[in-house]
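Student: I should like a close look at a single part of this protein, followed outward into its surroundings. Please explain each technical term when it arises.

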Amino acid sequence: FENSHAAMMLIDPKSGAIVDANPGACAYYSWTREQLLSMRIGDINTLSPAEIQTEMSRAAAAQRNHFLFRHRRADGGVRDVEVFSGPISIEGRSLLYSIVHDISERKKAEEALRKSEEFQRAVIACSPIALFSIDPEGRVMSWNASAERILGWSAEEVVGKPLPIVPAANSAEFNEIREKSLRGEIL
């Protein structure tokens with residue numbers, strides 16, 4: 001607890017009082033240990049008091065041990081955190097032992113990826129060119145509106161099925177090209 005660089009706290013699940021905080025928590029939140037020990041988890045967590053109590057009850061009952069929250073720091077900044085919390089008994093007192101990891105950068109990366117994928121889907125959907133994708137087995141995964149218009153099959157007719165534009169006479173050649181592509185060979 002004392003020597004870990006991860007932010008760790010002991011919390012009273014009934015009152016939400018921070019009973020102890022390690023140096024990692026002090027460094028992360030930028031409050032002294034004395035300041036943290038005078039606070040409640042509601043001073044850090046952005047959830048409503050009722051929501052905090054519900055989540056602490058779940059952790060105390062070991063119904064749930066992994067949480068995604070937004071936490072305030074001394075500088076006023078709010079960060080996305082992943083918290084692993086569960087019950088622990090110390091000198092006969094039931095507490096929550098919580099380990100906090102900052103995931104703000106991961107959340108930003110996930111959001112950037114989501115926006116990028118959304119943009120790519122929009123470009124593909126609006127493209128005047130017939131665009132489609134297939135999985136490693138040769139089944140259609142996506143089929144844009146231009147593919148429907150140009151090739152004559154609707155997405156509902158082809159998604160999940162073998163690529164319909166490959167004539168039976170050319171299926172062996174198509175499979176060979178697909179296999180080479182999967183191996184990363186230049187075609």
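Tutor: Strands E3 and E4 form a hairpin with 5 residues between them, and glycine 76 in the turn has a positive phi of about 90°. This is a predicted model, in which local features need pLDDT of at least 70, side-chain atom pairs count only at pLDDT 80 or more, and totals for chains, interfaces and linings use all residues. Residues are numbered from 1 along each chain as its sequence is written, and side-chain values use heavy atoms, with hydrogens and water left out.

The two strands of the hairpin pair in the antiparallel sense over 7 bridges; two strands are said to pair if DSSP finds at least two bridges between them. Across the hairpin, histidine 71 stands opposite arginine 79 in E4. Helices (H or I, at least four residues) and strands (E, at least two) are DSSP runs, numbered from the N terminus.

The faces of E3 deserve attention next. In a regular strand the side chains alternate between the two faces of the sheet. In E3, the covered face carries Phe67, Phe69 and His71, whereas the uncovered face carries His66, Leu68, Arg70 and Arg72. Phenylalanine 67 counts as buried because its relative accessible area is 2%, and phenylalanine 69 is buried as well, at 13%. (Buried means under 20% relative accessible area, exposed over 50%, and partly exposed in between, with a 1.4 Å probe and protein chains only.)

From histidine 71 the path leads to helix H1 (23-29) through tyrosine 29. Leaving aside neighbours within four places in sequence, this tyrosine is in contact (heavy atoms within 4.5 Å) with Met9, Ile44, His71, Arg72, Arg73, Ala74 and Val100. Tyrosine 29 is buried because its relative accessible area is 0%.

The aromatic rings in this part can now be described. Rings of Phe, Tyr and Trp (its six-membered ring) pair if their centres lie within 6.5 Å; planes under 30 degrees apart count as stacked, over 60 as edge-to-face and the rest as tilted. By this rule there are 5 aromatic pairs. In one of them, the rings of tyrosine 28 and tyrosine 29 have centres 4.8 Å apart and planes at 80°, so the pair is edge-to-face. Phenylalanine 67 and phenylalanine 69 form a stacked pair, with 5.4 Å centre to centre and 10° between the planes. Ring pairs also link Tyr28, Tyr29 and Trp31 into a cluster.

Tyrosine 28 has a further partner. The charged end of arginine 73 sits over the ring of tyrosine 28, 5.0 Å from its centre; the rule requires NZ of Lys or CZ of Arg within 6 Å of the ring centre and within 35 degrees of the ring normal. Tyrosine 28 counts as buried because its relative accessibility is 14%.

Just beyond H1, the backbone has a notable residue. Serine 30 is found in the loop between H1 and helix H2 (33-37), and it has a positive phi of about 65° although it is not a glycine. Most residues other than glycine have a negative phi. Alanine 62, in the loop between H3 and E3, likewise has a positive phi, near 60°. Alanine 62 counts as exposed because its relative accessibility is 58%.

These surroundings belong to a wider nonpolar core. Such a core is a set of buried Ala, Val, Leu, Ile, Met, Phe, Trp, Tyr and Cys residues joined through side-chain atoms within 4.5 Å. Of the 23 residues in the largest one, Met9, Tyr29, Leu36 and Ile44 touch the most other members. Among the elements that give two or more residues to this core are H1, helix H3 (49-60), strand E3 (66-72) and strand E4 (78-90). The largest share, 4 residues, comes from H1. Another core, of 6 residues, lies apart from it and includes Val140, Ala155, Val158 and Leu163.

Finally, consider the whole protein. It has 7 helices and 7 strands. Along its principal axes the C-alpha trace spans about 75 × 30 × 30 Å. The radius of gyration of the protein is 27 Å, whereas a compact globule of 187 residues would have one near 16 Å; this quantity is taken over C-alpha atoms, and the globule rule is 2.2 Å times the number of residues to the power 0.38. Buried residues make up 29% of the 187 residues.
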